[in-house]
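Biologist: I would like to learn how to read this fold feature by feature. Where do we begin?

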Amino acid sequence: MNISTLLKHVNKLTPLDHAFEDDSVGLVIGDESNKVGNFIIGHELEESLLDYCKDNNVDTVVTYHPPPYKRIINEDEIETHIPDRITERFIDSSINVISIHTAQDVCKEGNADTLVELFNMSDVSIFANSVDNFGAGRKGTIKKLSPFDFKKYVENKLNTKIIRTNEYFDDIKEIQKIALLPGSGTQFIDEIINSVDVFITGDISHRYLLKADEARLGLIQVGHISTEIPGMKKFVKKLEKELDLKLNYIYRKYYE
Ligand SMILES: [Fe+2]
């Protein structure tokens with residue numbers, strides 16, 4: 001199999017043209033004509049993944065997050081992208097990288113849909129749209145829970161202890177309407193602010209905690225990758241079935 005064939009299989013499960021417009025998905029390092037020997041799934045480019053690739057002669061990685069680049073705008077306003085050190089090391093090691101990122105968030109049975117299933121949500125609608133009716137956010141109804149029980153529920157469902165709330169969260173009487181966005185999603189907060197009791201996402205900055213307090217919206221911040229891992233595990237299973245082989249999925253458990 002070469003990279004272009006692998007890309008076709010990936011695209012079948014995770015249509016890449018449904019990603020957000022400015023997102024970097026598809027083949028991001030390497031060439032479509034390259035041969036795929038050993039390949040694995042990684043959550044993102046980082047040292048332990050590179051070590052694993054080197055130790056196991058892995059030449060191709062399908063990652064969730066795209067490789068990090070630094071964006072530089074020069075005096076003539078021309079934009080260039082400089083690879084971060086870790087990106088450079090994968091380039092130098094001639095490892096092909098295919099990234100699925102927001103295409104995987106928005107797709108059918110992708111990261112957002114997997115959260116709907118995990119939290120047993122009903123009356124589900126989509127927000128944070130990428131293209132057409134595809135979007136990375138889901139809001140809907142769950143069984144009624146107290147804030148205390150809901151926190152335990154989130155920890156349990158997402159297999160994490162890294163959880164933080166805004167101050168208003170403990171004033172909520174009962175939680176029944178929730179919104180979720182895998183990874184980091186506070187930029188979409190205005191789309192759900194008056195329609196749910198609680199919003200769960202990662203990387204919540206201080207000003208959003210205050211904004212949600214003012215709007216009487218509960219916020220739950222979990223580790224960034226905790227909301228992405230369940231959907232990625234499903235993707236791995238689907239790709240294994242599609243290609244009829246076993247695949248390793250590597251992510252940093254510390255950050256779950
Ligand atoms: Fe992410």
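**Reading the model**

Modeller: Start with one residue: Val124 lies in strand β7. Keep in mind that this is a predicted model.

Biologist: Is Val124 buried, partly exposed or exposed?

Modeller: Count C-beta atoms around it. A residue is buried at 20 or more within 10 Å, and exposed at 12 or fewer. Val124 has 14 such neighbours inside 10 Å, so it counts as partly exposed.

Biologist: Which residues does Val124 contact, beyond its neighbours within four places in sequence?

Modeller: Val124 is in contact with Val116, Arg138 and Gly140. For a distance across the sequence, take Ala179. It is 55 residues from Val124 along the chain, and their C-alpha atoms are separated by 9.4 Å.

Biologist: Now the sheet. How should I read strand pairing?

Modeller: Strands of a sheet pair through backbone hydrogen bonds, either parallel or antiparallel. Here, six strands form an open sheet in the order β7-β8-β10-β11-β12-β9, and the pairing is mixed.

Biologist: Which strands stand at the edges of that sheet?

Modeller: β7 (122–129) and β9 do. Each has a single partner strand, so one side of each lacks a neighbour in the sheet. From one strand to the next, the twist averages 25 degrees.

Biologist: How do β7 and β8 run, parallel or antiparallel?

Modeller: They run antiparallel, joined by five bridges. One pair to find is Asn129 with its bridge partner Gly135 in β8.

Biologist: And what about the other edge, β9?

Modeller: Look at Ile163, which is found in strand β9 (residues 163–165). Ile163 has 16 other C-beta atoms within 10 Å, so it is partly exposed. Leaving out residues up to four places away in sequence, Ile163 touches Lys151, Val154, Glu155, Ile220 and Val222. Val236 is 73 residues from Ile163 in sequence, and 26 Å away from C-alpha to C-alpha.

Biologist: What is the strand order in the five-strand sheet?

Modeller: The order is β1-β6-β3-β2-β13, an open sheet with mixed pairing. Its edge strands are β1 (26–29) and β13 (249–250), each paired on one side only. Strands β3 (residues 58–63) and β6 (residues 96–99) pair in the parallel sense over four bridges. Within that pair, Val62 has Ile98 of β6 as its bridge partner.

Biologist: Which strands does helix α2 lie across?

Modeller: Helix α2 (residues 47–55) lies across β2 (38–42), β3 and β13. It runs at about 145 degrees to β3.

Biologist: How do I find the buried side of a helix?

Modeller: An α-helix has 3.6 residues a turn, so residues three or four places apart point the same way. Take helix α5 (residues 111–118): its buried residues are Asn111, Ala112, Thr114 and Leu115. They cover an arc of only 160 degrees around the axis, which puts them on the same side of α5.

Biologist: What do the buried residues of α5 pack against?

Modeller: They pack against α4 (101–106), β8 (135–145), β10 and α8 (229–243).

Biologist: What about unusual backbone angles?

Modeller: Most residues other than glycine have a negative phi, and most peptide bonds are trans. Asn120 is not a glycine, yet its phi is positive, about 55 degrees. Asn120 is found in the loop between α5 and β7. Ala128 also has a positive phi, near 55 degrees, but Ala128 is found in strand β7.

Biologist: Which surroundings do these two residues have, buried or exposed?

Modeller: Asn120 has 12 C-beta neighbours inside 10 Å, so it counts as exposed. Ala128 has 25, so it counts as buried.

Biologist: Last, the domains and the core. What is the general idea?

Modeller: In soluble globular proteins, nonpolar side chains tend to be buried together. In this model, the largest nonpolar core has 59 residues. Val61, Ile178, Val198, Phe199 and Ile200 touch the most other members. Strand β10 (residues 175–184) gives the largest share, five residues.

Biologist: Why does this core lie between the domains?

Modeller: Domain 1 (3–106) and domain 2 (111–222) both give residues to the core, so it lies between them. The C-alpha centres of the two domains lie 29 Å apart. Seven residues from domain 1 and eight residues from domain 2 take part in the contact.

Biologist: Which residues does Val198 contact, leaving aside neighbours within four places in sequence?

Modeller: Val198 is in contact with Phe150, Ile175, Ile178, Gly218 and Ile220.

How values were computed:
Residues are numbered from 1 along each chain as its sequence is written. This is a predicted model: local features need pLDDT of at least 70, side-chain atom pairs count only at pLDDT 80 or more; totals for chains, interfaces and linings use all residues. A nonpolar core is a set of buried Ala, Val, Leu, Ile, Met, Phe, Trp, Tyr and Cys residues joined through C-beta atoms within 7 Å. Helices (H or I, at least four residues) and strands (E, at least two) are DSSP runs, numbered from the N terminus. Domain bounds come from an automatic or database domain assignment. Two residues are in contact if their C-beta atoms, placed from the backbone, lie within 7 Å. The arc is that of the directions from the helix axis to the C-beta atoms. Two strands pair if DSSP finds at least two bridges between them. Axes are lines fitted to C-alpha atoms, for helices over the stretch in contact, and angles run from 0 to 180 degrees between N-to-C directions.
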